[in-house]
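Welcome! Have the sequence and the model open beside you, and try each exercise before you read its solution.

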Amino acid sequence: MNQAYYNGNFYQAVSVTAPGESPDVAPAKWRKIQLPKNWRFALSQLTYANLLKLDGQNDKAMEERQIALQTERVGLDDLVRKQANDERWLERPSVRTGQQAW
Amino acid sequence: MQTVDASVILDDAYQLIGWDQTQLETRQEQQARMAMSMALQEMWERWWWEELMICQRVQFWNSYRADTIYNGYFTSGSTNTFVYWPQTDGYYQAVQMANFGIAPTDASGNLATANWFQWRACPYPNASAFPTNQNTLFGQVDYPSWNATQSYGLGDIANWFAPFFDDPTQFQQANFVSIIAANLGNQPVWVDIIVGDPAIQWFQIANWQPNVTTAAVNPVYGDIRSVSSTDPRASTPALRFHFDANGNVYGLNVGKPWVWSRRVTPVLTGDAYDPTVNYTATAASDLVFDS
C-alpha cells in the first residue's frame, strides 16, 4: 500500500514509512496528490454527478454531468483550437496498456 | 501546471450535494472519494492533454552488453537471446550457445562470424504482412522458400518445410520454419531460427524498453497516441507506424521509434490512513503531479 487518505487529502508515500508516520508526523515521506487547477470545476461537478448516480438519481446525474463537461469550463475549447489544424493530433485509436494505482 | 488539492474538489462536491462536512459518515466519505477518482479518470482520458503525456524513444530489447552471456534459440525458453545493437540500429538474435563477448557485428556492420556464426539480424516486421499474419515469428514470412538450385551464403535465410537438422547427428520434427545458413561443428548446415514459442514476437510492447515492468525507474505507458520514426511533436512530419491492440508495431524502419502516450491513468484508492501500516514507497516517476 502506498497511498492514504488523510485529513481530506490524498497522499503518496515516497519513502517506506513506519507505523504511525503519518503525513503530519513524517511529511518528508509523503507527497500530497495534486490535481490540475483548470479541472477544478469539471472534477467537482463530475464528482457531484457521480455521487448523484450512486444515490440512484440518474436523471439529475446526467444533467450535472453535461454541465461538468461544457468544454469552455475545462479548457477544451482552447485545446481544440490549438490542435484542430495540427496533423499530429489526427491519429488512430490508442492502445490501452493498463492502469496504475496511485 | 497549476494544481489544486483534492480536498478542494471534495469540498466543492460536498457543497453541491448539500452534505455537511462535519457530519459525514464513513460510507459517505468513501463514496465521495470513489466518485472523485472516477471523475479524474474521465477527465484524464477525455482528451490528449499534452501536459499529461510522455514522449520518448523506446527499443524492443535491451542493448547488447559485452559482459553478458547470450544463449541461442537452441535452448527452449533461453534468455538473453535478443539484443539491440546501436551500431547498426538493429536487433539481433543469438544463434549459438554461450556467446560471450562477441558483438553482433563488426565495425563495418558485418555479422560476427567468430569461429561460428554467432548472430542473425532480426528483420523488422513487414508492413505488407499486416493484418492477416498474426502469427508472424519475427519476419519469417518475409523469406522465400528454399530453392535447391540456388546458392546460399552464410546468414542467408529461407523457408523450409521438411525434417531438418541443427546438428549433423540429430533430426528434428518437421515444421514450417525459417532456416538460416550457419556453421556448426565447422560444417555449413541449415538451422532453424524459431525460438519455439509462437507467442514470442520481439516487436511487442511487452518487450519495449523502457517498459511496464520497470515502472519503478521509468515512466509507464498509458494509452498510446502514436508510434513514429521521429519526434511527433517536431514540426517536421513524422512517419507513423501502425500498431495493433496487442502493441505489435508494423512497418518499422528505425530501431528505436518514438512512442507518444498518456501517463497511466491514476486511480485514487482512497483508503484512510492506517497508523498500524508500513506504507511502501512510490517511485518518483509515478508521481504525476509535483506539489
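**Exercise 1. A sheet in chain A**

In which order do the three strands of the open sheet in chain A lie? Keep in mind that this is a predicted model.

*Solution.* Step one: follow the pairing, which gives the order β1-β2-β3 in chain A, with antiparallel pairing. Step two: look for the edges. These are β1 (3–6) and β3 (30–32) of chain A, each of which pairs on one side only. Step three: turn to the angle between strands. On average, neighbouring strands of this sheet are turned by 35° against each other, direction ignored.

**Exercise 2. From β1 to β2**

Describe how β1(A) is joined to β2(A), and find the residue with a positive phi in the turn.

*Solution.* Begin with the bridges: four of them join β1(A) to strand β2 (residues 9–13) of chain A, and the two run antiparallel. One facing pair is A:Tyr5 and, in β2(A), A:Phe10. Next, look at the connection. The two strands form a hairpin with two residues between them. A:Asn7, placed in the loop between β1 and β2 of chain A, has a positive phi of about 50° although it is not a glycine. Finally, check the surface: A:Asn7 has a relative accessible area of 60%, which lies over the 50% cut-off, so A:Asn7 counts as exposed.

**Exercise 3. Two directions from one strand**

Sort the residues A:Gln3, A:Ala4, A:Tyr5 and A:Tyr6 of β1(A) by the way they point.

*Solution.* First, recall the pattern to expect: in a regular strand, side chains alternate between the two faces of the sheet. Now apply it. A:Gln3 and A:Tyr5 point one way from β1(A), while A:Ala4 and A:Tyr6 point the other way. As a last step, check burial: all of these residues are buried.

**Exercise 4. The sides of a helix**

Which residues of helix α2 (residues 58–68) of chain A are buried, and which exposed residues sit on the face turned away from them?

*Solution.* The buried residues are A:Ala61, A:Glu64 and A:Ala68. They share one side of α2(A) because they cover an arc of only 70° around the axis. The face turned away from the buried side carries A:Asp59 and A:Gln66, which are exposed.

**Exercise 5. Where two chains meet**

At roughly what angle do the axes of α1(A) and α1(B) cross?

*Solution.* Take helix α1 (residues 40–54) of chain A and helix α1 (residues 6–17) of chain B: their axes come within 8 Å and cross at roughly 50°. This angle makes α1(A) oblique to α1(B). The crossing is right-handed. Then list who takes part in the contact. From α1(A) the residues include A:Leu43, A:Tyr48 and A:Leu51, and from α1(B) they include B:Val8, B:Ile9 and B:Leu16.

For a second link between the chains, look at B:Ser7, which lies in helix α1 of chain B. Leaving aside neighbours within four places in sequence, B:Ser7 is in contact with A:Gly8 and A:Asn9. B:Ser7 is buried, with a relative accessible area of 15%.

**Exercise 6. A tour of chain B**

How many helices and strands are there in chain B? Then examine one of its sheets and one of its strands.

*Solution.* Chain B has two helices and 15 strands, and buried residues make up 50% of its 291 residues.

For the sheet, three strands form an open arrangement in the order β4-β5-β7 (chain B), with antiparallel pairing. β4 (82–85) and β7 (119–122) of chain B each have a single partner strand, so each has one side without a neighbour in the sheet. Four bridges join β4(B) to strand β5 (residues 90–94) of chain B, and B:Trp85 has B:Gly90 in β5(B) as its bridge partner. In the loop between β4 and β5 of chain B you will find B:Asp89. B:Asp89 has a positive phi of about 55° although it is not a glycine, and B:Asp89 is partly exposed, with a relative accessible area of 26%.

For the strand, choose β11 (residues 224–228) of chain B: five of its five residues are buried. Four bridges join β11(B) to strand β14 (residues 258–262) of chain B, and the two run antiparallel. B:Val227 stands opposite B:Val259 in β14(B).

Terms used
Residues numbered from 1 in each chain as written. Chains lettered and ligands numbered in written order. Predicted model: local features only at pLDDT ≥ 70, side-chain atom pairs only at ≥ 80, totals over all residues. Heavy atoms only, no water. Buried < 20%, exposed > 50% of the residue type's maximum accessible area, 1.4 Å probe, protein only. Arc of directions from axis to C-beta. Pairing = 2+ DSSP bridges. Axes fitted to C-alpha atoms, helices over the stretch in contact; angles between N-to-C directions. Parallel < 35°, antiparallel > 145°, perpendicular 65-115°, else oblique. Left-handed = near helix turned anticlockwise from the far one by under 90°. Contact = heavy atoms within 4.5 Å.
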